[in-house]
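Subject: Structure for you to look at, with notes

Dear colleague,

I am passing on the structure we spoke about, and below it you will find my notes on what came out of the analysis. Please read them with the model open beside you.

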Amino acid sequence: MFTSAFEILKQSIRQFKHKSEYNKFKKPEFFNDHLFPVVVDLRKQGISVVKNFKDQSENAKKLIDHYEKIGEKKILNEIEKKRRSTIKSSYKIRVTSLFSDDDLINFANDNFIIENINQYFGFKPYLREVSVVVDYKNELSDIPINTQNFHRDPDDVKLTKIFFYLNDVSINNGPFQFIKTSHLKPWVHEKFLTSNVFKYYSQDQIFSATGKSGTIIFADTNGYHRGLILNEKFRVMVTAMYTSQNPKYGKLENIVFK
């Protein structure tokens with residue numbers, strides 16, 4: 001593949017900026033990684049999936065129980081309200097307000113989550129955002145929109161997100177997808193990779209995180225990721241973002257519920 005001198009220059013500038021930011025942090029103690037299988041996956045691949053997390057965490061189970069009380073009908077009603085309120089194609093709605101802030105905070109601060117991200121960062125992570133999001137089939141278009149395209153998150157060089165499925169997610173209802181190892185060179189390519197992804201990465205590098213309700217995903221979203229466009233139904237998940245105390249973008253003040 002031919003790479004122009006201009007593209008090489010842009011990548012060099014991005015690499016310099018990234019390494020300058022990264023070097024401000026204490027280096028993680030990699031020699032303890034063998035005690036943290038999630039962290040081993042994160043360092044190598046950029047993503048780790050834990051099945052049946054709801055069976056390991058009371059905080060996770062509480063969110064699942066609450067979601068089941070809300071019921072599918074309530075989620076479908078929220079989707080229909082969104083569709084009626086907009087003339088443009090839509091695929092996403094936030095339903096954070098249907099959940100208790102305390103329950104979401106307790107989940108995001110679950111010991112298992114914090115201990116793993118602490119090991120990955122090499123310091124205490126800071127919880128920046130928590131949300132509950134529904135992705136649903138776009139009835140007006142089959143073309144991926146916004147975060148349905150592969151993209152990187154720009155918030156910090158030390159960045160991890162968790163995604164907790166509240167309903168079963170198959171390849172048909174929008175699994176989280178991640179390009180494995182793309183987190184290792186976050187300065188390469190632009191924020192959005194809207195052109196042919198296979199020009200830069202192989203099919204084998206694209207990981208689709210399907211799973212039953214209660215599955216949790218850890219991802220270094222400096223790597224390319226997206227929510228796969230839905231063919232049917234909807235996907236409901238809790239998302240939490242963890243950064244350093246001094247993220248690249250925005251100020252770390254109060255936790256944002258989106």
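To begin with the interior, the largest nonpolar core has 42 residues, and among these F107, F164 and L166 touch the most other members. At least two residues of this core come from each of helix 2 (37–45), helix 3, helix 4 (101–108), helix 5 (111–121), strand 3, strand 5, strand 9 and strand 11 (234–243). Helix 3 gives the most, with 7 residues. Please keep in mind throughout that this is a predicted model, and that the values I quote are computed from it.

L166 deserves a look of its own, and if residues up to four places away in sequence are set aside, L166 touches L63, I64, Y67, F99, V132, S213, V236, M237 and V238. There is also a second, separate core of 10 residues, which includes V169, F176, F178 and A209.

Two of the residues named for that second core turn up again around I217, a residue of strand 9 (residues 216–219). Because its relative accessible area is 0%, I217 counts as buried. Apart from residues up to four places away in sequence, I217 touches I47, S48, V49, K161, I162, F163, Y165, F176 and A209. With F176 the separation is 41 residues in sequence, while the C-alpha to C-alpha distance is 8.6 Å.

A polar side chain that is also buried is the next point I would draw to your attention. N173 sits in the loop between strand 5 (159–165) and strand 6 (176–179), and N173 counts as buried because its relative accessibility is 5%, where the limit for buried is under 20%. What does the side chain of N173 reach at 2.9 Å? The partner is the backbone oxygen of F234, and in addition a polar atom of the N173 side chain lies 2.6 Å from the backbone nitrogen of S170. Leaving out neighbours within four places in sequence, the contacts of N173 are N167, D168, L230, E232, K233, F234 and R235.

Turning to charged pairs, the count comes to 12 salt bridges, and I describe some of them here. In helix 3 (residues 58–85), K61 and D65 are 4 residues apart, so about one helical turn separates them, and their side chains meet in a salt bridge with an N to O distance of 3.0 Å. Both ends are partly exposed, K61 with a relative accessible area of 38% and D65 at 29% relative accessibility.

The same kind of spacing can be followed further along. E78 and K81, also in helix 3, are 3 residues apart and therefore separated by about one helical turn, and their side chains meet in a salt bridge at 3.2 Å, N to O. Here E78 is buried, with a relative accessible area of 12%, whereas K81 is partly exposed at 43% relative accessibility. This pair belongs to a network of salt bridges that links K74, E78 and K81.

Another salt bridge joins K92 and D135, whose closest N and O atoms are 2.8 Å apart. This pair links distant parts of the chain, with K92 in strand 2 (residues 92–94) and D135 in strand 3 (residues 126–136), 43 residues apart. Is D135 buried or exposed? At 2% relative accessibility, D135 counts as buried.

Finally, some notes on the surface. F6, L9 and I13 make a nonpolar surface patch of about 310 Å². F6 belongs to helix 1 (residues 5–22), and F6 counts as exposed because its relative accessibility of 55% is over the 50% limit.

S195 is found in the loop between strand 7 (192–193) and strand 8 (206–209), and with a relative accessible area of 42%, S195 is partly exposed. S195 and N149 are 46 residues apart in sequence, and their C-alpha atoms are 9.3 Å apart in space.

With best wishes

Note on methods:
Residues are numbered from 1 along each chain as its sequence is written. This is a predicted model: local features need pLDDT of at least 70, side-chain atom pairs count only at pLDDT 80 or more; totals for chains, interfaces and linings use all residues. Side-chain values use heavy atoms; hydrogens and water are left out. Buried means under 20% relative accessible area, exposed over 50%, partly exposed in between (1.4 Å probe, protein chains only). A polar contact is a pair of N or O atoms within 3.5 Å; within protein, one must be able to donate a hydrogen and the other to accept it, and residues adjacent in sequence count only if both atoms are side-chain atoms. Contact means heavy atoms within 4.5 Å. Patches are made of residues with over 30% relative accessible area and no salt bridge: like charges are joined within 9 Å, nonpolar side chains (Val, Leu, Ile, Met, Phe, Trp, Tyr) within 5 Å. Accessible areas come from the Shrake-Rupley method with a 1.4 Å probe; for residues, only the protein chains shown count as cover. A salt bridge is a side-chain nitrogen of Lys or Arg within 4 Å of a carboxyl oxygen of Asp or Glu. A nonpolar core is a set of buried Ala, Val, Leu, Ile, Met, Phe, Trp, Tyr and Cys residues joined through side-chain atoms within 4.5 Å.
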